[in-house]
Amino acid sequence: MTTEPTPTPTPGQTVGPFFHYALPYPGDRDLVAPGTAGAVRLHGTVRDGDAVPVPDALIEIWQADSAGNVPSMTGSLRRDGHTFTGFGRASTDRSGDYTFTTVLPGRVDGGLPFFSVAVFARGLLDRLFTRAYLPLEGADPDRLLTSLGPRAELLMVRPGVQGYRFDITLQGHDETPFLAFPRHS
């Protein structure tokens, strides 16, 4: 009796650099229309391990609305100017900068409000997942932030004059903490 050999898993294929012409769509970075009451700017820079800006990365965010409700709307790729779907996509520019127009997410189930973030960039075999937390006075960190100790600061969104800033570093000393999901490993 012969047995069939077990297939050996193969690595994912390197993604990119095709983001700037293949994936953007009208309004992709505007979860709400600019100028909408309560609209804020979430922006940052994506850098590699040598602190060099990555000019051809793609950032996706998913978030709750300002009341903490997780949208279950379909049609995120068609912006109608008033339906909040909680999803946005922004490619980086030549300086590695990205920006979104959105609302601040509310607390989901009483936890700290956060943006779920996915990063696509050349040289990555798979997308990277992380979170960008809003700092709240007197709020307790969740298990993820607690597990990171002082590195939790790397996941905090910083308020500023031009909105809220969340920089992403792909490798090195100040590497953004990334999450592992079994089906994406």
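A salt bridge is taken here as a side-chain nitrogen of Lys or Arg lying within 4 Å of a carboxyl oxygen of Asp or Glu. In this predicted model, Glu60 and Arg89 satisfy that criterion, with their closest N and O atoms 2.8 Å apart. The pair links distant parts of the chain, since Glu60 belongs to strand E2 and Arg89 to strand E3, 29 residues apart. Glu60 counts as buried because its relative accessibility is 5%, under the limit of 20%, and Arg89, at 13%, is likewise classed as buried.

The two strands that carry this pair belong to an open sheet of four strands, arranged in the order E3-E2-E5-E6 with antiparallel pairing. Strand E3 (87-91) and strand E6 (128-133) form the edges of the sheet, each pairing on one side only, and neighbouring strands are turned against each other by 25° on average, direction ignored. Strand E2, which comprises residues 58-63, runs antiparallel to E3 and is joined to E3 by five bridges; within this pairing, Glu60 stands opposite Arg89.

By the rule given above, the model contains six salt bridges. One of them connects the side chains of Arg29 and Asp28, with an N to O distance of 3.8 Å. In that pair, Arg29 is partly exposed at 24% relative accessibility, whereas Asp28 is buried, with a relative accessible area of 6%. A further salt bridge is formed between the side chains of Arg165 and Asp167, at 3.1 Å from N to O, where Arg165 is partly exposed with a relative accessible area of 24%. Through salt bridges that share partners, Arg158, Arg165 and Asp167 are joined into one network.

Conventions:
Residues are numbered from 1 along each chain as its sequence is written. This is a predicted model: local features need pLDDT of at least 70, side-chain atom pairs count only at pLDDT 80 or more; totals for chains, interfaces and linings use all residues. Side-chain values use heavy atoms; hydrogens and water are left out. Two strands pair if DSSP finds at least two bridges between them. Axes are lines fitted to C-alpha atoms, for helices over the stretch in contact, and angles run from 0 to 180 degrees between N-to-C directions. Buried means under 20% relative accessible area, exposed over 50%, partly exposed in between (1.4 Å probe, protein chains only).
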